[in-house]
Amino acid sequence: MKQAFFYAIASALAFSIMNLFVKMLGQAMPASEITFFRGLIGTVAVLAYMWAKGIAFSTEHRGMLTIRGIFGGVGTLMNFIALAYMNLADASILFQLSGIFVFIFSTFVLREAIPKGAGKWLLTIFVAVMIMIKPWSLSEFHWYSLYAIGGAAFAAAAYTTIRKISQVGHHSNYEIMFYFLVTTMIVGGALMWPNFVWPDARQWGIIAIIGGISVFAQFFLTGAFVATNAVVAQFLQYIGVFFNAMWGFLIFGETLSWLTVCAGLLMFVASVMIARLKEQHKA
């Protein structure tokens with residue numbers, strides 16, 4: 001559990017830094033292009049490491065690994081779109097819905113039973129999401145929040161698939177990462193035309209940072225989901241909300257409304273309660 005905790009916190013910090021640079025780049029460059037370069041740099045880095053360490057690809061579960069990669073690639077693209085046009089903290093809070101989607105998907109895919117009492121906490125999370133996105137007010141409704149929610153759903157599908165892969169086979173974290181990164185590159189590359197923007201020197205530097213730090217973030221995240229229960233690993237990611245809010249305040253001067261803070265706290269409390277019920281049920 002200590003190893004999973006370290007992996008989850010390290011990945012939350014690394015992803016928050018990546019999100020910061022994605023937002024810096026997102027206003028001047030299409031999200032699909034950023035997604036492509038992230039996948040390209042990551043793919044090269046992971047392949048180089050696997051070659052240097054003599055880590056071979058397995059011949060098992062390639063279909064499942066590919067599906068995991070597709071889910072992760074689409075989720076990454078949707079998250080990048082949301083980051084470009086939303087406050088970092090707002091987008092980060094909605095990204096944490098992936099924990100609830102993991103709970104739902106693990107119930108149907110991993111056959112993990114739904115604990116008693118979870119229904120009221122799921123309803124609490126639904127209310128919190130409605131408070132955040134304000135669907136009743138067209139003037140306040142943020143359409144890009146739907147991308148954040150969609151990204152959370154696809155990310156959760158990817159996380160659940162990682163856990164399933166760890167149960168049925170023995171694949172290195174780097175092999176799992178490779179499938180994710182190469183499909184992310186394909187997804188981004190397929191959608192970045194005809195709006196491709198040739199990066200200038202500063203943008204190339206930011207792209208390199210995004211690609212490099214995302215490799216470390218993905219390694220830690222994959223390690224967390226291999227080391228522990230899928231739901232527990234995802235809820236440890238909530239520390240990422242604090243990191244993203246800090247960057248948003250320090251770099252972009254963003255502030256949180258009291259409604260957003262209340263909604264975020266409701267989501268956090270409800271998510272922790274569901275995780276506790278899950279663990280108590282297993283015990």
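**Figure 1. Close-up of Ile-55, a partly exposed loop residue.** In this predicted model, Ile-55 has a relative accessible area of 23%, so it counts as partly exposed. You'll find Ile-55 in the loop between helix 2 and helix 3. Setting aside residues up to four places away in sequence, Ile-55 touches Tyr-49, Met-50, Ser-172 and Tyr-174. Ser-172 is the partner to look at along the chain: Ile-55 and Ser-172 sit 117 residues apart in sequence, yet their C-alpha atoms are 8.0 Å apart in space.

**Figure 2. His-61 and its positive phi.** Here we stay in the loop between helix 2 (31–53) and helix 3 (62–85), which is also where His-61 is placed. His-61 isn't a glycine, but its phi is positive all the same, at about 55 degrees. The relative accessible area of His-61 is 27%, so this residue is partly exposed.

**Figure 3. The cis peptide bond between Trp-193 and Pro-194.** Zoom in on the link from Trp-193 to Pro-194 and you'll see a cis peptide bond, with omega at about 5 degrees. Pro-194 belongs to the loop between helix 8 (173–191) and helix 9 (201–227).

**Figure 4. Leu-20, buried in the model.** Leu-20 is part of helix 1. Its relative accessible area is just 7%, and Leu-20 is therefore classed as buried. What does Leu-20 contact once its neighbours within four places in sequence are left aside? The partners are Leu-88, Trp-247, Ile-251 and Phe-252. Another residue to pick out in this view is Leu-83: its C-alpha is separated from that of Leu-20 by 8.5 Å, with the two positions 63 residues apart along the chain.

**Figure 5. A nonpolar patch at the surface.** Phe-249, Leu-250, Ile-251 and Phe-252 make up this patch, which covers about 400 Å². Phe-252 falls in helix 11, which spans residues 239–252. Phe-252 counts as partly exposed because its relative accessibility is 32%. Two of the patch residues, Ile-251 and Phe-252, turned up in the previous view as contacts of Leu-20.

**Figure 6. Asp-90, a buried acidic residue in helix 4.** Helix 4 runs over residues 88–95 and includes Asp-90. Is Asp-90 buried or exposed? With a relative accessibility of 17%, it counts as buried, because the cut-off for that class is under 20%. Leaving out residues up to four places away in sequence, Asp-90 touches Met-132, Leu-256 and Thr-260.

**Figure 7. The largest pocket.** This view looks at about 190 Å³ of space. The lining of the largest pocket counts 13 residues, and Ile-93, Val-241, Val-261, Gly-264 and Leu-265 lie nearest its centre. The elements giving two or more residues to this lining are helix 11 and helix 12 (258–282). Which helix provides the largest share? That's helix 12, with six residues.

**Figure 8. The largest cavity.** Now for a space of about 420 Å³. The count of cavities of 30 Å³ or more comes to one. The largest cavity is lined by 28 residues; Phe-15, Asn-79, Phe-95, Tyr-159 and Leu-221 are those nearest its centre. Several helices chip in: at least two lining residues come from each of helix 1 (2–26), helix 3, helix 4, helix 7 (144–168), helix 9 and helix 11. Helix 3 gives the largest share of the lining, at seven residues.

**Figure 9. Stepping back to the whole fold.** To place the close-ups, here's the full predicted model. The protein has twelve helices and zero strands, so to speak an α-only run of elements from the N terminus on. Of its 283 residues, 57% are buried. Among contacts with a separation of 6 or more, 90% are between residues 24 or more positions apart. The protein exposes about 12,800 Å², and carbon and sulfur atoms supply 70% of that area.

How values were computed
Residues numbered from 1 in each chain as written. Predicted model: local features only at pLDDT ≥ 70, side-chain atom pairs only at ≥ 80, totals over all residues. Heavy atoms only, no water. Patch = residues over 30% accessible without salt bridge, like charges linked within 9 Å, V, L, I, M, F, W, Y side chains within 5 Å. Areas by Shrake-Rupley, 256 points an atom, 1.4 Å probe, with all protein chains shown as cover. Salt bridge = Lys/Arg side-chain N within 4 Å of Asp/Glu carboxyl O. Helix = DSSP H or I, 4+ residues; strand = E, 2+ residues; numbered from the N terminus. Buried < 20%, exposed > 50% of the residue type's maximum accessible area, 1.4 Å probe, protein only. Contact = heavy atoms within 4.5 Å. 1 Å grid on protein atoms, 1.4 Å probe; cavity = no way out; pocket = protein on both sides within 12 Å on 5 of 7 lines; lining within 4 Å. Points joined across faces, edges and corners; volume = space filled by probe spheres on them.
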